[in-house]
Amino acid sequence: MEEKKINIRLTPEVTDGVYANLAIIAHSPSEFIIDFASLMPGSKDANVKSRVVLTPENAKKLLFALQDNFAKYEQQFGTVKINGAPAPGSTYPVSFGGGEA
């Protein structure tokens with residue numbers, strides 16, 4: 001099977017990206033919704049900066065791509081720790097859990 005080349009273009013507004021320190025993930029039978037938000041210290045309000053809606057198949061592909069990239073990252077830079085503990089089995093300070101939308 002021949003691999004197709006995809007040209008990725010970024011508009012100037014997208015090039016800089018947005019800062020997010022919180023992700024809220026929800027799902028329904030047909031889609032996964034990921035809201036990327038920014039929660040500032042001392043605030044109880046998190047402002048959603050971007051929402052990404054994916055099919056379950058593409059959400060799983062994203063999961064695998066992230067796992068692959070983390071393996072490469074940690075091989076080069078060392079284990080990423082969450083709250084001072086290794087990632088497996090640790091708890092998150094803010095819920096990254098899912099649920100039905």
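Biologist: I would like to start with the hairpin that joins β1 to β2. Through how many residues does the hairpin join them?

Modeller: Through four residues. Keep in mind that this is a predicted model. Strand β1 covers residues 22-27 and strand β2 covers residues 32-39.

Biologist: In what sense do β1 and β2 pair, and over how many bridges?

Modeller: The general idea comes before the case. Strands of a sheet pair through backbone hydrogen bonds, and the pairing is either parallel or antiparallel. Here β1 and β2 pair in the antiparallel sense, over six bridges. Two partners can be followed by eye: I24 is bridged to D35 in β2, and A26 has I33 in β2 as its bridge partner.

Biologist: How many bridges join β2 to strand β3?

Modeller: Eight bridges, and these two strands also run antiparallel. Strand β3 takes in residues 46-54. To find one of the bridges, look at F32, whose partner in β3 is L54. The hairpin of β2 and β3 has six residues between the strands, and there G42 takes a positive phi near 85°.

Biologist: In what order do the three strands lie in the open sheet?

Modeller: The order is β1-β2-β3, with antiparallel pairing. β1 and β3 are the edge strands, since each pairs on one side only. From one strand to the next, the twist averages 20°.

Biologist: How many helices and strands does the protein have, and what pattern do they follow?

Modeller: Two helices and five strands. Read along the sequence, the pattern is α-β-β-β-α-β-β. One of the helices, α2, lies across β2 and β3 and runs at about 110° to β3.

Biologist: Where does G17 lie?

Modeller: In the loop between α1 (12-15) and β1. G17 has a relative accessible area of 44%, so it counts as partly exposed. Its C-alpha atom and that of K49 are separated by 9.9 Å, although the two residues are 32 apart along the chain.

Biologist: I also see rings on α2. How many aromatic pairs are counted?

Modeller: Two aromatic pairs. One of them is Y73 with F77, which is tilted: the centres are 4.8 Å apart, with 45° between the planes. Both residues are in helix α2, four residues apart, which is about one turn of the helix. F70, Y73 and F77 form one aromatic cluster.

Biologist: Is F77 buried or exposed?

Modeller: F77 counts as exposed because its relative accessibility is 55% and the cut-off for exposed is over 50%. Y73, at 42%, is partly exposed.

Biologist: What share of the whole protein is buried?

Modeller: Of the 101 residues, 13% are buried. The protein exposes about 8700 Å², and carbon and sulfur atoms supply 56% of that area. Contacts can be read by their spacing in sequence too: among those with a separation of 6 or more, 33% join residues 24 or more positions apart.

Biologist: Where is confidence lowest, and where is it highest?

Modeller: Strand β5 (residues 85-86) is lowest, at a mean of 56, and helix α2 (residues 56-77) is highest, at 96. The mean pLDDT of the protein is 85, and 82% of its residues reach 70 or more. Over residues 89-98, pLDDT stays under 50, and the model has 17 contacts beyond four places in sequence for them.

Definitions and conventions:
Residues numbered from 1 in each chain as written. Predicted model: local features only at pLDDT ≥ 70, side-chain atom pairs only at ≥ 80, totals over all residues. Heavy atoms only, no water. pLDDT = per-residue confidence, 0-100. Contact = heavy atoms within 4.5 Å. Phe/Tyr/Trp six-rings, centres within 6.5 Å; stacked < 30°, edge-to-face > 60°. Buried < 20%, exposed > 50% of the residue type's maximum accessible area, 1.4 Å probe, protein only. Areas by Shrake-Rupley, 256 points an atom, 1.4 Å probe, with all protein chains shown as cover. Pairing = 2+ DSSP bridges. Axes fitted to C-alpha atoms, helices over the stretch in contact; angles between N-to-C directions.
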